[in-house]
Amino acid sequence: MSDAHENTPDDVDRIVKQWNRERPDLDVGPMGLIGRIGRLRETLFREQEKVFARFGLNYSGFDVLATLRRHGAPYTLSPGALMDSMMITSGTVTNRIDQLEKAGLVSREPNPDDRRSMLVALTPAGLKVIDEAVAAHVENQHRIVGPLSPDERVALDALLSRFLSRLASGDD
């Protein structure tokens, strides 16, 4: 990344400048950082959705399939384990499973350890789709972070990790 590009004012700078003009009594410095993180999240989401759509998926469907796949063979989890792993509500996981089941990408199977419950499993079609989709997703992630040098990626990852950790723990 060139130094000239790094210091180019953007829409967030314009917004911060306007607030500084209108409310000089407020320190709106964090607004720039948080605004950029929000815009980055939106941009990343859009860029990822484009890739998922090529496989007939959206972010939610990809998340379920990827969770089953990364847990390893036999690519089966209880709805509760999916819910915990993806940090979503039971209603949300049920809706996602319903959609993927209709598409033939997952199936519900009786739990051999508890006849009262079901397991969610990748179908052969689901395994094929997620293996192709995750490869394209990883390629897309490399493209997205391409403008950053390897050192910048490491530094940004460390800063964001520390920031998230401190927010989660309530440290100031």
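**Exercise 1. Is Ile37 buried, partly exposed or exposed?**

Before we start, two notes on the model. This is a predicted model, with local features needing pLDDT of at least 70, side-chain atom pairs counted only at pLDDT 80 or more, and totals for chains, interfaces and linings using all residues. Residues are numbered from 1 along each chain as its sequence is written, and side-chain values use heavy atoms, leaving out hydrogens and water.

*Solution.* Start with the scale: buried is under 20% relative accessible area, exposed is over 50%, and partly exposed lies in between (1.4 Å probe, protein chains only). Ile37 counts as partly exposed, because its relative accessibility is 34%. Next, place the residue: Ile37 lies in helix H3, where helices (H or I, at least four residues) and strands (E, at least two) are DSSP runs numbered from the N terminus.

**Exercise 2. Find the nonpolar surface patch that includes Ile37, and say which helices supply it.**

*Solution.* First, the rule: patch residues have over 30% relative accessible area and no salt bridge, and nonpolar side chains (Val, Leu, Ile, Met, Phe, Trp, Tyr) are joined within 5 Å. Accessible areas come from the Shrake-Rupley method with a 1.4 Å probe. Ile37 is joined in the patch by Leu33, Ile34, Leu156, Leu160, Phe163 and Leu167, and the patch covers about 610 Å². Then assign the elements: helix H3 (29-53) and helix H8 (150-169) each give at least two residues. H8 has the largest share, with four.

**Exercise 3. Trace the salt bridges that Arg36 and Arg39 make.**

*Solution.* Look for a side-chain nitrogen of Lys or Arg within 4 Å of a carboxyl oxygen of Asp or Glu; this rule gives 14 salt bridges. Arg36 pairs with Asp10 at 2.9 Å, N to O. That pair links helix H3 to the loop between helix H1 (3-6) and helix H2 (11-22), 26 residues apart. Asp10, Asp13 and Arg36 form a salt-bridge network. Arg39 pairs with Asp11, with the closest N and O atoms 3.7 Å apart. Here helix H3 is linked to helix H2, across 28 residues.

**Exercise 4. Are the partners in the Asp63 and Arg96 salt bridge buried or exposed?**

*Solution.* Confirm the pair: the closest N and O atoms of Asp63 and Arg96 are 3.4 Å apart. Asp63 lies in helix H4 and Arg96 in helix H6, so the bridge ties together parts 33 residues apart in sequence. Now check accessibility: Asp63 is buried at 15%, and Arg96 is buried at 14%.

Note on methods
Patches are made of residues with over 30% relative accessible area and no salt bridge: like charges are joined within 9 Å, nonpolar side chains (Val, Leu, Ile, Met, Phe, Trp, Tyr) within 5 Å.
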